Amino acid sequence: MGMTITEKILASHAGKDFVEPGEIIDAQIDLALANDITAPLSLEEFEKVGAKGVFDPDKVVLVMDHFTPNKDILSAENCKKIREFAAAHRITHFYEGGNCGIEHALLPEQGLVVAGDLVIGADSHTCTYGALGAFATGMGSTDLTYGMVKGRIWFKVPESIKFHCYGKWPKWVTGKDLILHIIGMIGVDGALYAAMEFDGEAVSALSMDSRFTIANMAIEAGGKNGIFKVDGKTVTYMNAHSKKPYKVFESDPDARYRQVFEVDASKIELNVACPSLPSNVKSVRELGDVAIDQVVIGSCTNGRIDDLQTAAKILEGNKVSGGIRCIIIPATPRIYRQAMREGYFDIFLDAGCVISPPTCGPCLGGHMGILAKGERAVATTNRNFIGRMGHPQSEVYLAGPAVAAASAIKGRIAHPEEI
Amino acid sequence: MIRGKVHKFGKNIDTDAIIASKYANLSDPLELGKHCMENIDPDFGKRVDKGDIIVATTNFGCGSSREIAPMTIKGAGVAAVVAKSFARIFFRNAINTGLPLLECTEVVDATDPGDILEIDLSTGTVRNVTKNLTFSAVPYPEFVTELITAGGLVESVMKKMGREDKSPG
């Protein structure tokens with residue numbers, strides 16, 4: 001019987017020829033990731049159990065991206081502890097300050113993840129790396145501590161769900177609209193415990209940045225991981241960013257799936273997820289007049305160069321509507337510099353946007369754009385739970401960069417065709 | 001045996017509802033516990049008594065991987081969560097931090113806020129004392145029950161290693 005790409009990667013890391021859904025395996029990991037809000041607990045436990053060191057200082061990644069540049073004393077102290085730990089254990093990949101970006105944009109860009117890898121991260125959006133044909137999943141701090149020390153951890157092999165996407169993409173529609181469409185269709189627990197595999201001609205047509213966006217939000221459907229087949233675009237991306245050897249796994253034709261969905265890309269519209277769940281999806285056209293106070297374009301979901309380019313295209317020669325804040329957050333220093341070189345910063349500044357340093361910041365209500373009671377934002381982020389970006393009585397509408405930029409100009413949720 | 005009063009919640013109770021992300025730089029369970037469910041039920045902290053039980057429907061704990069979610073629930077004094085289903089990462093984190101979870105649709109459907117539940121983790125038996133009904137949930141494997149009773153994975157390892165647990169609270 002055949003295996004899926006997810007099963008093959010897990011099997012290879014467990015030293016097995018075959019695994020099947022439900023099986024518990026003990027697998028080697030290629031990378032263990034934590035950030036400034038999940039590492040502190042891990043390090044506390046690391047000390048408590050008296051661990052001597054990490055399994056491989058080259059394979060532990062610590063990224064200070066959530067509440068940084070440090071938003072308060074507590075955050076500063078957390079980062080200090082992690083910095084000291086990184087120095088003491090000679091962690092190769094410690095990111096803070098000028099070399100730091102949002103972890104899930106940063107790691108692929110730095111070439112730390114390649115196809116065939118098995119990655120665990122103490123952050124639920126670790127599933128992003130599935131865009132590269134890797135198995136990547138989020139875990140808590142305790143599991144991360146174990147992985148960081150032992151270089152392995154147990155997994156339950158997930159069932160897989162396939163999303164076969166065909167047809168031609170309409171103008172402006174991107175990976176964000178596809179993943180919102182899918183979450184709207186199956187619900188926030190539609191892929192609970194499962195691997196979400198994306199394939200088909202429409203997926204091959206998507207840029208790597210769009211694929212990262214899709215894999216990133218697998219968790220919003222309850223998925224254990226999101227994963228893509230490796231193609232020419234993946235290889236080009238890996239060659240440009242990484243020197244690590246990669247390994248290509250492919251699902252067998254007779255692999256077993258819990259479900260297979262056929263998705264017609266030509267029917268997908270520009271979507272938004274209305275408060276307060278990512279599954280509360282409507283197309284922009286059916287939404288009506290929704291006035292807004294803030295726009296955020298950034299995050300591990302949509303803070304990459306493609307996203308900033310799309311926003312710049314729409315904002316060029318236009319002004320952010322009076323009374324609205326439009327915050328642009330390039331996800332990494334490299335993206336930041338590229339956006340600057342391409343002239344996007346002039347476009348954003350001329351339009352009246354704020355440009356933030358790379359940070360998760362407002363996405364999780366940390367800092368750099370918190371909402372007051374009754375305020376409403378359109379954000380290219382991944383969660384719109386109650387109070388996610390600030391006051392419990394504020395609201396977040398999730399969208400792609402085109403809708404976010406158009407909405408900033410109009411002061412209400414808008415379609416880019418209106419600009 | 002766990003015995004406590006029920007606080008009932010609906011579906012998709014996310015990690016930001018359990019503990020707002022703005023508190024993500026805290027790590028003291030008691031401090032976290034003060035803000036439990038703050039975004040969706042601001043008075044929860046005042047109503048909850050030590051040993052109470054949360055009952056919810058599907059996909060409890062969806063969202064973030066932050067382990068402070070189960071820690072917050074424990075810190076608020078809650079002894080167990082019974083739901084129709086749990087989100088994946090939360091489920092693993094709850095075991096690791098020693099918060100007992102039980103999946104049982106029948107209990108959830110038959111239970112009202114304020115009911116008293118009795119839970120035997122080793123057998124998976126849940127008794128609604130108020131309504132005099134008994135249900136069977138799937139029990140944890142023995143090693144998981146041991147781990148939870150010890151207070152979590154780290155505490156259980158410490159216990160096995162015969163060391164003194166110096167953790168606060």
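## Overall build of chain B

Chain B contains 8 helices and 7 strands. The radius of gyration of chain B is 15 Å, close to the 15 Å that the globule rule gives for 169 residues, so chain B is as compact as a globular protein of that length. The model described here is a predicted one, and its values are computed from the predicted atoms.

Taken along the principal axes, the box filled by the C-alpha atoms of chain B is roughly 40 × 35 × 25 Å. Of the 169 residues in chain B, 53% are buried. Among the contacts in chain B with a separation of 6 or more, 66% are made by residues 24 or more positions apart.

## Where chain A touches chain B

Contact between the two chains involves 38 residues of chain A and 33 residues of chain B. On the side of chain A that touches chain B, the elements giving two or more residues are α2 (39–48), α3 (73–88) and α5 (141–150) of chain A, and of these α2(A) gives the most, with 5 residues. Sorted by class, that side of chain A has 16 nonpolar, 13 polar and 9 charged residues.

## R88(B), a residue in contact with chain A

R88(B) lies in helix α5 of chain B, which covers residues 88–97. This arginine counts as buried because it has 27 C-beta neighbours inside 10 Å, where 20 or more are needed for a residue to be called buried.

When its neighbours within four places in sequence are left aside, R88(B) is in contact with L192(A), Y193(A), G222(A) and K224(A). Within chain B, the C-alpha atoms of R88(B) and F60(B) are separated by 9.3 Å, although the two residues are 28 residues apart along the chain.

## Helix α1 of chain A

Helix α1 of chain A spans residues 5–13, and 8 of its 9 residues are buried, so this helix is largely enclosed by the rest of the structure. The buried residues in α1(A) are I5(A), T6(A), E7(A), K8(A), I9(A), L10(A), A11(A) and H13(A); the charged residues E7(A) and K8(A) are thus listed alongside nonpolar ones such as I5(A), I9(A) and L10(A).

Just after α1(A), the backbone at G15(A) takes a positive phi of about 65°.

Notes. Residues numbered from 1 in each chain as written. Chains lettered and ligands numbered in written order. Predicted model: local features only at pLDDT ≥ 70, side-chain atom pairs only at ≥ 80, totals over all residues. Helix = DSSP H or I, 4+ residues; strand = E, 2+ residues; numbered from the N terminus. Rg over C-alpha atoms; globule rule 2.2 N^0.38 Å. Buried ≥ 20, exposed ≤ 12 C-beta atoms within 10 Å, placed from the backbone. Contact = placed C-beta atoms within 7 Å.
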